[in-house]
Protein chains: 2
Amino acid sequence: MSTLNWQHITGPRILVDTQRAKRNIQRMQAHADSTSVSLRPHFKTHQSVDIGRWFREAGTQAIAVSSVTMAQQFEKAGWRDIMIAIPLNPRELSAINRLAADTRLTLCIEHEDALNTLSRLSNPVDVMLEVDAGYGRTGLDCAQQERIQALALSTLNLPQVKNIGLLLHAGNSYQARGDDEIAQIHQQSLSQVRQLADFISLPDGHQLFISVGDTPTCSRMKSFPGADEIRPGNYVFYDLMQQHIGACEWDDIALTLACPIIARYPERNEVVVHGGAVHFSKDYIQRDGAPCYGQVMKMTDQGWAGEPVEGAFVHGLSQEHGKVRMPAGMAEQMQLGDLLVIAPAHSCLTMAAMREFVAFG
Amino acid sequence: MSTLNWQHITGPRILVDTQRAKRNIQRMQAHADSTSVSLRPHFKTHQSVDIGRWFREAGTQAIAVSSVTMAQQFEKAGWRDIMIAIPLNPRELSAINRLAADTRLTLCIEHEDALNTLSRLSNPVDVMLEVDAGYGRTGLDCAQQERIQALALSTLNLPQVKNIGLLLHAGNSYQARGDDEIAQIHQQSLSQVRQLADFISLPDGHQLFISVGDTPTCSRMKSFPGADEIRPGNYVFYDLMQQHIGACEWDDIALTLACPIIARYPERNEVVVHGGAVHFSKDYIQRDGAPCYGQVMKMTDQGWAGEPVEGAFVHGLSQEHGKVRMPAGMAEQMQLGDLLVIAPAHSCLTMAAMREFVAFG
């Protein structure tokens, strides 16, 4: 238990509610256990060795990251089963090879040209073939069954490659609103991956491992038919976007930004906080046709209540300033130096921007 | 002269072209000198002690920053005339007081409530009253002449306050496109500030100092009637947004991101680079109704030519991935691991996101 001393918060700071974050970690672990899939949490959300320990306490052994730099960071912190969940970059061959020497390293590829890079490794790796089921960012189109079958065999033929699998990130779930739409994307994506997996035939003794995952489907869906593993990341903190999608409740949001008020304009129902694009990031959700970069939460003595202050949100950001719209009468009651506690639109980018946080609770 | 070794660029890295950046620094200094205003460059753009030295070599003594943290950073690096160009945050009183002990420190206020904070300082400061001439972020409305006159006198009455002035940031110039629109905002803003300054009467022996500045007007306007000082920042690097506004030429852009290609899709005229929201930031300009986060530039042996690759730009970003649209036929010629050199939409946020850079030239 560490307590939160508001007097120590002088400028914009990330607050992490340890109890909510640990509850989120445990809940997802229990969910994975109950649906008989492995959980490989994506650590790009927090990028913190300290928060990594909370996952380890909940039983996590295997993690995903989205860069070689992050893999090095967590390898140094003692993690030994790491997936670099971004297509293999040939320029990072030697760093990857060093990582593969003392960790169970999983790489992702999505093109035949990557085989040449894999063939130059001197340490063993597992390899996931990234597939695309409608998101349209990276991955081989699931419909290219014969191409993927051939690539699977060529990959397994490399002496460096121990196991292979299919990797899906259904990032299109971020466009969904509510369980019905999340379920639709979930079912469509998994059904494509299952059809592909049924088509692929591997040599005796090899099994095709299936890893899927994005926070909306992993949070809301009751089963993951065909999958061996899920890889959500954002759920440790959640954020305004996840609440907007319907992937979490307000009370699940475990990360906020505490920002001091530096200007106030009761006449335009607005205050300005020290807290800008370099703190929040410029990710936003749409609210009433305007961007919303963060939602003001109800403060408590020790953090925040699990509910928003209706009508109080960040509607404009410059580098260090945040413009906060307020319901009528609220800005008048504010003083310069008062803190607002604001749930950001996208906690992963907020954490990446600030890299430091105050944990409490 | 330091040379750029492309082989050393393995992941997304900021490249700073020293020659272009120093040319930008010198040109703005010469412009200020020729128009008889002081130049106080805003260091929030680069936040780098090393790049700060390039300004010192060009004669810079006085700087602006946008946080107390940045002020501390540059104070430690030997800068002794620092303006914290964001409204005074009462919570940072003790840090500000320490800074004021050994630097000529200028603070900004824009409300009577800030006087109480100023009165608790034990070291002398200069104070700027921030005014608003249409941008609508922070600052007292220029039309509130009597209120501002009264605040000026109350501020000067404080024993801690040595000099006062008016501070304007006409951030609405970022909405302008081309010299005519920049000139319109410039003239409207300066005229409001001059009217206000003419109205304000200070006790004998005091002069009202006028500081204005934003990169578009400072880059393009030939004179700053009524102003004593200009405070542009972005001009050291410029970026896609400034080029879009018409504040610089392509060849003035001194900062790019080198990003390796990690996936390619000739069939959709697209490649994906390692280079995402945590590198570019999510600031963008509009291009053909879609967001454009960065423009691919023509590479040379030592950096990039001062012209874009037409039709090649970043149109989508997730945390670590950037989706790059390409003209027909180009994606086919690309290899995994090839580097693209991309001018970001907003160099200040790119620098704040990555904090490290490779300088060459």
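Four salt bridges are counted between chain B and chain A in this predicted model. One of them pairs Lys282(A) with Asp283(B), and here the closest N and O atoms sit 2.9 Å apart. Polar contacts turn up across the interface too, with 30 residue pairs found, both partners at pLDDT 80 or more.

Which parts of chain B give two or more residues to the side that touches chain A? They are a mix of strands and helices: strand S4 (81-87), strand S11 (255-265), strand S12 (270-274), helix H10 (277-280), strand S17 (321-325) and helix H12 (347-354). Sorted by type, the residues on this side of chain B come out as 24 nonpolar, 17 polar and 14 charged.

As for how much of each chain takes part, the contact draws 55 residues from chain B and 55 residues from chain A. The size of an interface is often given as the accessible area lost when the parts come together. For chain B and chain A that buried area is about 4,400 Å², with carbon and sulfur atoms giving 51% of it. Three residues stand out on the chain B side: Arg91(B), Arg137(B) and Gln319(B) supply 17% of the area that chain B buries against chain A, more than any other three residues.

Then there is the nonpolar core. The largest one holds 246 residues, and the members that touch the most others are Leu118, Leu166 and Leu340 of chain A, along with Leu118, Leu166 and Leu340 of chain B. Take Leu340(B): leaving out residues up to four places away in sequence, its contacts include Leu257(B), Ile261(B), Val273(B), Val324(B) and Met334(B). In soluble globular proteins, nonpolar side chains tend to be buried together.

Note on methods. Residues numbered from 1 in each chain as written. Chains lettered and ligands numbered in written order. Predicted model: local features only at pLDDT ≥ 70, side-chain atom pairs only at ≥ 80, totals over all residues. Heavy atoms only, no water. Contact = heavy atoms within 4.5 Å. Buried area = accessible area lost by both parts, 1.4 Å probe. Salt bridge = Lys/Arg side-chain N within 4 Å of Asp/Glu carboxyl O. Polar contact = N/O pair within 3.5 Å; in protein donor to acceptor, adjacent residues only side chain to side chain. Helix = DSSP H or I, 4+ residues; strand = E, 2+ residues; numbered from the N terminus. Nonpolar A, V, L, I, M, F, W, Y, C, P; charged D, E, K, R; others polar. Core = buried A, V, L, I, M, F, W, Y, C linked by side-chain atoms within 4.5 Å. Buried < 20%, exposed > 50% of the residue type's maximum accessible area, 1.4 Å probe, protein only.
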